Amino acid sequence: MAEMETSPGENNNELALVTPETQPNKRRKKKSIVWEYFTIETVSPGCRRACCKRCKQSFAYSTGSKVAGTSHLKRHIAKGTCPALLRDQHRMGGSEPPKRRYRSPNSPYIPFDQDHCRHEIARMIVMHDYPLHMVEHPGFIAFVQNLQPRFDKVSFNTVQGDCVATYLREKQILMKFIEGISGRFCLTLDMWTSKQTLGYVFITGHFIDSDWKLNRRILNVIMEPYPDSDSALSHAVAACLSDWSLEGKLFSLTFNHPPSEAGLENLRPLLCFKNPFILNGQLLIGNCVARTLSSMAKDVLGAGQEIIKKIRDSVKYVKTSESHDDKFVQVKNQLQVPSEKNLYLDNRTQWNMTYQMIAAASELKDVFNCLDTSDLDYKLAPSMEDWKLVETLCTFLKPLFDSASILTTTTSPTAITFFHEAWKIHSDLGRSITNEDPFIGNLAKSMQEKIDKYWKDCSLVLAIAVVMDPRFKMKLVEFSFTKIFGEDAPTHIKIVDDGIHELFLEYVALPLPMTPTYAEEGNAGNNGKTDESHQGNFLSDHGLTDFDAYIMETTSQQMKSELDQYLEESLLPRVQEFDVLGWWKVHKMKYPTLSKMARDILLIPVSAAAPDSVFDITDKQLDEYRSSLRPETVEALICAKDWLHYGSEVSNAPVKMEF
């Protein structure tokens, strides 16, 4: 260890007062910007000078205990007195001296990193749906050059590779996450079209994690050149299962567009059950509830299209002119209309916007009726009969809107909720059919045909999900079926009871080594550590394969009674904020087999539509720009955006890309 230097005449008393001036050799990190341009040189004992790296001039820095500071050094580089810096500026075409740069003591200098900048550009493009070609646009290039002149311009091919590399990094993270999921998976399929008549199958995976929380991720976007073929969907699903190693884990499929019978037959073998017709084959859900609600809403909008046009024209008159809007507000205030709703024009591709437009106009009908007294140019006021018809349309649309809105906000299982919603809508329409007004009766009949078809296709799965809710069990099924089916209710109730027992037997028949759900979760709580010296050899399969078979033979009757024991227990009190998955998580030790079944049943999604597409009344179409990209790039951009939304941390590991 080097000895501490002392200046002449200084005593060696270790208790002497030490200050920065009397201890110049104590190194401190230099934070001033000038040290990017200067170095310190010792010219004689106790005398150091600052030397400019560019022009080699030297300046006083410290003599003995006196330090000159850095102000004169800043002037040298900032005021243009350094001849080397001046030459560099003239060579670059600049005339101004370098401006001072200030950094706070707590913000360190960050070096420029070209690769990191490219990575961030790729993330920006993915997250905000920017076109890949933007990196070649003159405006973007000029902006970046002014921001950081050292950044090298990137091409379309380069940024395309960077975006796909981002996708691959995020995919590795998601695959590792999915590998740890012990339950089964449900897939929803949404077929998009394009102007080139190509189909794009959006496949979203739904699963429950080890904390018993619902998760959804877009897993694949697969281009199908012949979207109307019977094999298009089965090909896409098979590719997804292979890509994510989900063979043998697929529990149910939900489609936005009902496939043909031949298409369904191609899909059945992909399910994880030995009997693909279990639950009457309803685990292949061809009737998406969002699509059903939108179809019913289209019936309502079609029946009232003339009056809706009148309302739209009146709203357009008010909202497209500031003076008209001011007069409307003035009349509203004079009449003291209590409505808090605001007028706005609808987007005719989403039926909720049209409903909200006519609902707001209906509440403000008194203002429209009196607007012509304040605005003589307004000649569009609907009649009282028109407003009565608008109220009828709103009466039909409101329950549909309330039901569909659940799909845009909830993160909890939806099958239980939509058993209630479908039953409620079915009952309301049944009463409306008998209405004396032929308009109401005919419209209700048209709508009920569609809810009847949905109920026929999906009621068994919805009912079994309700049975898995300890607040309802079979009691709500018995009550609601009696209301819906009348004398035929016992037959339908028996179908549900038989179906749930049949499904339970499938879970009982699973060999124990293939269902490690709770052993894995138990180990997760102990960081995955076990006392191998005491348990490892004993718990292995060595010599105990026959023991597993013995357990299955001698305890099967006891395991079958797990379901009956659950059904016989009293119902829980009905509370609004009830976490049904959390309840099964707590009771998984009491119901080890039934809880696995409940986890999979409650996972089943009733809608294949993305939250922002729930109210669409037109088919989704891939825009022209994305249709022009390679299918692999389209998949990378759409999937990576979805995954980045969940905030996964991107690894910095390099990903090799070849084009």
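**Exercise 1. Is Thr292 buried or exposed, going by its relative accessibility?**

Before the solution, some ground rules. This is a predicted model, where local features need pLDDT of at least 70, side-chain atom pairs count only at pLDDT 80 or more, and totals for chains, interfaces and linings use all residues. Residues are numbered from 1 along each chain as its sequence is written, and side-chain values use heavy atoms, with hydrogens and water left out.

Solution.
- Start with the cut-offs: buried means under 20% relative accessible area, exposed over 50%, and partly exposed in between, with a 1.4 Å probe and protein chains only.
- Thr292 comes out at 5% relative accessibility, so it counts as buried.
- Thr292 belongs to helix H8 (residues 289-303); helices are DSSP runs of H or I with at least four residues, strands are runs of E with at least two, and both are numbered from the N terminus.
- Skip residues up to four places away in sequence, and Thr292 touches Asn287, Lys450 and Tyr454. Contact here means heavy atoms within 4.5 Å.
- For the wider setting, 44% of the 659 residues of the protein chain count as buried.

**Exercise 2. Check the span of helix H3, then work out what covers its buried residues.**

Solution.
- The expected span is 1.5 Å times one less than the number of residues.
- H3 covers residues 114-128, which is 15 residues, so 21 Å should be spanned; the end C-alpha atoms are 21 Å apart, and that agrees.
- Now list the buried residues of H3: Gln114, His119, Ile121, Ala122, Arg123, Ile125 and Val126.
- Their cover includes helix H4 (138-147), helix H5 (156-179) and helix H24 (631-645).
- Finish with the ends. At the start of H3, a side-chain oxygen of Asp113 reaches to within 3.1 Å of the backbone nitrogen of Asp115. Just after H3, Asp129 takes a positive phi of about 60 degrees.

**Exercise 3. Describe how H13 packs against H12 and against H15.**

Solution.
- Take H12 (residues 365-374) and H13 (residues 384-409): they pack at an angle of about 160 degrees, with axes 11 Å apart. Axes are lines fitted to C-alpha atoms, for helices over the stretch in contact, and angles run from 0 to 180 degrees between N-to-C directions.
- Apply the classes: under 35 degrees is roughly parallel, over 145 roughly antiparallel, 65 to 115 roughly perpendicular, and the rest oblique. H12 and H13 are therefore roughly antiparallel to each other.
- At this interface, Lys365, Phe368 and Asn369 of H12 meet Met384, Trp387 and Glu391 of H13.
- Turn to H15 (residues 438-467): its axis and that of H13 come within 12 Å and cross at roughly 20 degrees. That makes H13 roughly parallel to H15.
- The H13 side of this pair has Leu389, Thr392, Leu393, Phe396 and Leu400, which meet Phe439, Ile440, Leu443, Ala444 and Met447 in H15.

**Exercise 4. Place Pro382 and Val367, and find what each one touches.**

Solution.
- Pro382 sits in the loop between H12 and H13 and is buried, with a relative accessible area of 5%.
- Pro382 and Lys310 are 72 residues apart along the chain, yet their C-alpha atoms are separated by 6.8 Å.
- Not counting residues up to four places away in sequence, Pro382 touches Ile307, Ile311, Ser314, Asn369 and Trp387.
- Val367 is in H12, buried at a relative accessible area of 0%.
- With neighbours within four places in sequence left aside, Val367 contacts Phe328, Val331, Lys332, Leu335 and Val337.

Technical notes
Polar contact = N/O pair within 3.5 Å; in protein donor to acceptor, adjacent residues only side chain to side chain.
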